[in-house]
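Here's a walk through this structure, one contact at a time. Keep the 3D view open and follow along.

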Amino acid sequence: MLAISKRAYARSRPYPQSKVRIVNEAVELLRKYPYVFLFDLHGLSSRVLNEYRYRLRPYGAVKIIKPTLFKIAFAKVFGGVPAEVAERVRGEVGFFFTEANPAEVIKIVAENSVRRAAQPGDKAPFDIVVPAGPTNASPGPIISKFGKLKIPTRVQEGKIWIAKDTVVAKAGQEITPEMAEVLRVVGIEPIFEQLRLLGVIWRGQRYVDISELVIDVAKYRELFKTAAIYARNLALNVVYPTREVLQVVLPAAHMRAVALAARLGVVTRETLPMLLSRAVAEANALAAAVAGRAPELGISVAAPQPTAQPQAAQPTEAPKEEAVEEKREGPSEEEIAGSLASLF
């Protein structure tokens, strides 16, 4: 039985020099840059593309290469084309070769949006206001479109003048053909357009979709704040010796050490006032307890002086002498010293 095999295609004519040059240039770019971004060319104006060529020049090279030629260059550099890369590199796509961080590239592309004229079907990014003043338009059928948008106009010096500032579209509103034409006439370009990045070929090994590279800055900022709080609490709990931790731990440790020394009766400059206050309070409490049971000892406890009441007039010399005598009738200095010693 005769076996019929499929005949392999073999090109007989040499490749055109223009295509060879493109492939060689793509080979050099693939060897030089580790990341290749794919962006959508469908509906992208040449003005926006050329503007991005200029703005992205410090970060790499923007190239328009046919997918077939790109795959040939890719196979020459990396020995083959992965299935996920071959599937993505097709249709109307452009290439941005770069060595910048892919997440940073997304931010750079977003920050370099290009302004363009509004087209029917676009969404107004903000409230679009047509300012009062002259236009370069001559009177004609365009006046009816101004009137349809309720823009007050007048003819002056052979030109259409706008009488007052008028909002022609609210944020999010779809641009109609009349709006687009009027905005073009008055010279307003309200639409910001940027490269529609599709994904990135990562070091010739795999394809990463752009959705996996978009970073929510606000979300990550909150995550970092939360992580910092947890790290600080952990450092405080384990007393990790850093400046921030020691500023909190040392004062607290000092307070606990002073309180412990006061409880143990260790005499220091910080504990002495607390020890004396405690000793006086305990001595007064002891005197009050003994005075009622042993009046023959003649112990008297001085009542606390009121702080809110004003002081009375100074007493005469006789009451002062009585106070001195009452004080002498109390415990002797030896007894007070003994009481203090027992506290420690």
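Let's start with K63, which has 24% relative accessibility and so counts as partly exposed, since that class runs between 20% and 50%. Bear in mind that this is a predicted model. K63 forms a salt bridge with E25, and their closest N and O atoms are 2.9 Å apart. Because K63 sits in strand β2 (residues 60-63) and E25 in helix α1 (residues 17-32), the pair ties together parts that are 38 residues apart in sequence. E25 is partly exposed too, because its relative accessibility is 31%.

Why do such pairs turn up? Side chains of opposite charge can pair when their charged atoms come close. In this model there are eleven salt bridges.

Next, find D40 and R196, whose side chains meet in a salt bridge at 3.7 Å, N to O. This pair links distant parts of the chain, 156 residues apart: D40 belongs to strand β1 (residues 35-40), while R196 is in the loop between β10 (191-193) and β11 (197-202). With 22% relative accessibility, D40 counts as partly exposed, and R196, at 32%, also counts as partly exposed. Now widen the view a little, and you'll find that D40 and R196 belong to a network of salt bridges that also links R116, D122 and E193.

Another pair to look up is K145 and E181, a salt bridge with its closest N and O atoms 2.2 Å apart. Here the link runs from helix α6 (residues 142-148), home of K145, to helix α7 (residues 177-186), home of E181, and the two residues are 36 apart along the chain. K145 counts as partly exposed at 27% relative accessibility, and E181 counts as partly exposed at 24%.

Leaving the charges aside, go to the surface around Y220. Y220 is in helix α8 (residues 217-238), and its 42% relative accessibility makes it partly exposed. Together with I215, V217, L223 and F224, Y220 forms a nonpolar patch on the surface, and the accessible area of these residues together is about 530 Å².

Finally, move along to helix α9 (residues 243-264) and helix α10 (residues 271-293). How do they pack? Their axes come within 9 Å and cross at roughly 40°. That angle is over 35 degrees and under 65, so α9 and α10 are oblique to each other. As for handedness, α9 passes α10 in a right-handed crossing.

Note on methods: Residues numbered from 1 in each chain as written. Predicted model: local features only at pLDDT ≥ 70, side-chain atom pairs only at ≥ 80, totals over all residues. Heavy atoms only, no water. Patch = residues over 30% accessible without salt bridge, like charges linked within 9 Å, V, L, I, M, F, W, Y side chains within 5 Å. Areas by Shrake-Rupley, 256 points an atom, 1.4 Å probe, with all protein chains shown as cover. Salt bridge = Lys/Arg side-chain N within 4 Å of Asp/Glu carboxyl O. Helix = DSSP H or I, 4+ residues; strand = E, 2+ residues; numbered from the N terminus. Buried < 20%, exposed > 50% of the residue type's maximum accessible area, 1.4 Å probe, protein only. Axes fitted to C-alpha atoms, helices over the stretch in contact; angles between N-to-C directions. Parallel < 35°, antiparallel > 145°, perpendicular 65-115°, else oblique. Left-handed = near helix turned anticlockwise from the far one by under 90°.
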